[in-house]
Structure formats: C-alpha cells, structure tokens
Amino acid sequence: MDQGTTKYYARGAILLTIGVLSQQLRLLIPLPPVIMTLVIGTLVNTVLMLGARYTSRTICLMMAFVMPLIAFLQGHLATAFMIPVVFCGNALYALLGCRQPQPLTLLLTAPIAKAAAMAAGYVLAMHLVHMPGYFIQRTLPLFAGIQAATGMTGVMLASFIARRQQELER
C-alpha cells in the first residue's frame, strides 16, 4: 500500500468515526426527533461530502454502506429494509460529490438526487412491510423534505470546512 492509499484509508476511517458518532447524538442531546434528524442528517451528509472530496470513490461507497448498517444496529433505523434505501441515497450523494462540480450545482444536484432516490426506496420499503397507503402519503413529503434539507446543509458545511482547510494549509 503506497502512502497516498494509506492517507485515503486514514481519512476515511476518521470520517466514518465522526459519522457513526454523529448518529449517537440522539442519546446525548434530548431534542425533538425532527430537530435531531436535521442535525444528525447534516453531519452525516457533511461526512459523506468530505469523504467524496478527500478520499476515493471506493472508500466513499464503503462509508455510505457502513453508516446505515451501524445506524440499524444502533436502533436508529426502524427496519432492515431501510438499510439499502439509505445506502443507495448515500452512495448517490457521495458519488455526485466525487465528481466535484461547481458548488452551486452540487448544492442542488446531490441533495435532490439523494432525496428522490430515498423517497422511491422509502415507498418500496414501506410497501414491503405492509404500511397503509395513507401513512406513506402523509410521511413521504416530510421524509423527502428532510433528506433534501440535510443534503443541502451537508454540502454547505462540507464546502465551508474544505475552504477553511485550504486557508489553514496556506
């Protein structure tokens, strides 16, 4: 393993640790579930964007898979059917971040693509567990809206951190 590969794995491990620990904030900070979802979602999306910028695509995909798996094991995902849904959304989000388009384009494309993919997966997963149609219709806009909002704030926070990192390196 060369030095560059080792650096990517080290960054990926640190970012994955931050992402997994962010998911545990629910246990430490007693805020309403919607607010905690916004905070945790923003932090997880920031970690994915930073992973897209500072590691490899393979490491990003591993992070995108491991975080929902651990979230399920921690009890933060209600059903195992949501693991592939979250993975697909996270993977799409991270892969679009790896392309590193202009910040404004990234601010719109990655979060909207993630929200759309996760909304489609959410509907499928809810049908698999036999949730009634009216439940899905009522919860889907909130679910997709939260995904888009946390995706956008994740891009903004990751951009801020990357700019700050560049300033510190000068």
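These legends walk through a predicted model, from the whole protein to a few ring contacts.

**Before you look.** Local features are described where pLDDT is at least 70, side-chain atom pairs count only at pLDDT 80 or more, and totals for chains, interfaces and linings use all residues. Residues are numbered from 1 along each chain as its sequence is written, and side-chain values use heavy atoms, with hydrogens and water left out.

**Figure 1. The protein has seven helices and zero strands.** Helices (H or I, at least four residues) and strands (E, at least two) are DSSP runs, numbered from the N terminus. Along the sequence, the pattern reads α-α-α-α-α-α-α. Lined up with its principal axes, the protein's C-alpha atoms fill a box of roughly 55 × 30 × 30 Å. The radius of gyration is 16 Å, which agrees with the value near 15 Å for a compact globule of 170 residues; this radius is taken over C-alpha atoms, and the globule rule is 2.2 Å times the number of residues to the power 0.38. Of the 170 residues, 39% are buried. Here, buried means under 20% relative accessible area, exposed over 50%, and partly exposed in between (1.4 Å probe, protein chains only).

**Figure 2. Two phenylalanines meet edge-to-face.** Rings of Phe, Tyr and Trp (its six-membered ring) pair if their centres lie within 6.5 Å; planes under 30 degrees apart count as stacked, over 60 as edge-to-face and the rest as tilted. By this rule there are two aromatic pairs. One of them joins phenylalanine 65 and phenylalanine 87, with 5.7 Å from centre to centre and 85° between the planes. Phenylalanine 65 lies in helix H4 (residues 57-74) and phenylalanine 87 in helix H5 (residues 82-98), so the pair links distant parts of the chain, 22 residues apart. Phenylalanine 65 is partly exposed, at 39% relative accessibility, and phenylalanine 87 is partly exposed at 26%.

**Figure 3. Tyrosine 122 and phenylalanine 143 are stacked.** Their ring centres are 4.4 Å apart and their planes meet at 20°, so the pair counts as stacked. This pair also links distant parts of the chain: tyrosine 122 belongs to helix H6 (residues 103-128) and phenylalanine 143 to helix H7 (residues 133-169), 21 residues apart. Tyrosine 122 is buried, with 7% relative accessibility, and phenylalanine 143 is buried too, at 17%.

**Figure 4. A lysine sits over a tyrosine ring.** The charged end of lysine 114 is 5.1 Å from the centre of the ring of tyrosine 93. A charge sits over a ring if NZ of Lys or CZ of Arg is within 6 Å of the ring centre and within 35 degrees of the ring normal.
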